[in-house]
Amino acid sequence: MQNDLSGSAGFQFTDVKKALSFSVRLNGSYTFNYIAQRRTLFLEDTYLPQYDYTARKGAQLTTQANVGGNYNLGGRVSYSQQINPLRSTLNVSVNYGFSQTPYFTGEDLFHSVRHSLGFGFGFDSGFSSKVKLNIRSNTSMSSYTTQKETAQELREQLTARVDLRFGKYFGSVGTLYEFYCNSRSHALTRHNVILNASAGRKFGKENRLGVSAGVTDILNRPDYATTSFDTDYIVTSSTSYLGRYGYLRVAYTF
């Protein structure tokens, strides 16, 4: 019977006066009696005495085998600090993951190894009530090794948004940048930029009524596809954008 054992430990420090926060978290898991799938492809008619059955040429037999243990390790460090001169907040994080998985190729047992490293960055401005700036960046790198080769991936996503407010007039500009590349599929390398913008005005003594117009996906970018490689299969996923369109929004606050 397959049994899982997992655990985590963490430390967090917060200084309220300095508006500072720091945390560390470690986690891990171990699976006893890990069950792996063994697939056998028959290239000719083969008699199987244990089943009293003859497998025909081209047939595939899938069985389960106890291959011992399987483990995963990971950790995350995060830091948040308020920058007093700018009255803004800065967030930084680093995370790492490691996993080892037994698998079969035919009758032979191997172990795949995956490493992943990620970096996060965030900035929220507070220096002005008229101009708000928000920036987020997430970078992830991963390496996947089997008995034959190593595949590497790099993903980057950067978002930025500027909100403006001058009296009864308001507006915003937001952008998303995506980058993806894979060492085993250079044709799927992607650079993608999405750009949105809107502007509007408040009406009434208490500014309860708001009317705005905007454009989404100004650059009208194509679909975005990525491919991931696992032990015995390949998965390609795609994100479809609606394309450039405009909108008119009317909102009232009761």
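User: In this predicted model, which backbone atom does the side chain of Ser-88 reach?

Analyst: The side chain of Ser-88 reaches the backbone nitrogen of Gly-126, at 3.2 Å. A polar contact is a pair of N or O atoms within 3.5 Å, and the model in which this pair is found is a predicted one.

User: Where does Ser-88 lie, and is Ser-88 buried or exposed?

Analyst: Ser-88 lies in strand 8, which covers residues 88-105, and with a relative accessibility of 1% Ser-88 counts as buried, because buried means under 20% relative accessible area. Leaving aside residues up to four places away in sequence, Ser-88 touches Gln-81, Gln-82 and Ile-83, and also Phe-123, Asp-124, Ser-125, Gly-126 and Phe-127.

User: How should I read Ser-212 by the same steps, starting with the strand that holds Ser-212?

Analyst: Ser-212 has its place in strand 14, residues 209-216, and its relative accessible area of 10% makes Ser-212 buried. Among the residues that Ser-212 touches, not counting those up to four places away in sequence, are Phe-170, Ala-199, Gly-200 and Tyr-247.

User: How many salt bridges does the structure hold, and why can side chains pair in this way?

Analyst: Side chains of opposite charge can pair when their charged atoms come close. The structure holds 5 salt bridges, and one of the pairs that meet in a salt bridge is Asp-45 with Arg-56, at 3.5 Å from N to O. Asp-45 lies in the loop between strand 3 (35-41) and strand 4 (46-48), whereas Arg-56 lies in the loop between strand 5 (53-55) and strand 6 (60-66), so the pair ties together parts that are 11 residues apart in sequence.

User: Are Asp-45 and Arg-56 buried, partly exposed or exposed?

Analyst: Asp-45, at 44% relative accessibility, counts as partly exposed, while Arg-56, at 52%, counts as exposed, because exposed means over 50% relative accessible area.

User: What are the N to O distance and the accessibility for Asp-163 and Arg-161?

Analyst: The side chains of Asp-163 and Arg-161 meet in a salt bridge at 3.0 Å, N to O. Asp-163 counts as partly exposed at 26% relative accessibility, and Arg-161 counts as partly exposed at 40%.

User: Which residue forms a salt bridge with Glu-206?

Analyst: Glu-206 forms a salt bridge with Arg-208, and the closest N and O atoms of this pair are 2.6 Å apart. Glu-206 is exposed, with a relative accessible area of 55%, whereas Arg-208 counts as partly exposed at 30% relative accessibility.

Definitions and conventions
Residues are numbered from 1 along each chain as its sequence is written. This is a predicted model: local features need pLDDT of at least 70, side-chain atom pairs count only at pLDDT 80 or more; totals for chains, interfaces and linings use all residues. Side-chain values use heavy atoms; hydrogens and water are left out. Helices (H or I, at least four residues) and strands (E, at least two) are DSSP runs, numbered from the N terminus. Buried means under 20% relative accessible area, exposed over 50%, partly exposed in between (1.4 Å probe, protein chains only). A polar contact is a pair of N or O atoms within 3.5 Å; within protein, one must be able to donate a hydrogen and the other to accept it, and residues adjacent in sequence count only if both atoms are side-chain atoms. Contact means heavy atoms within 4.5 Å. A salt bridge is a side-chain nitrogen of Lys or Arg within 4 Å of a carboxyl oxygen of Asp or Glu.
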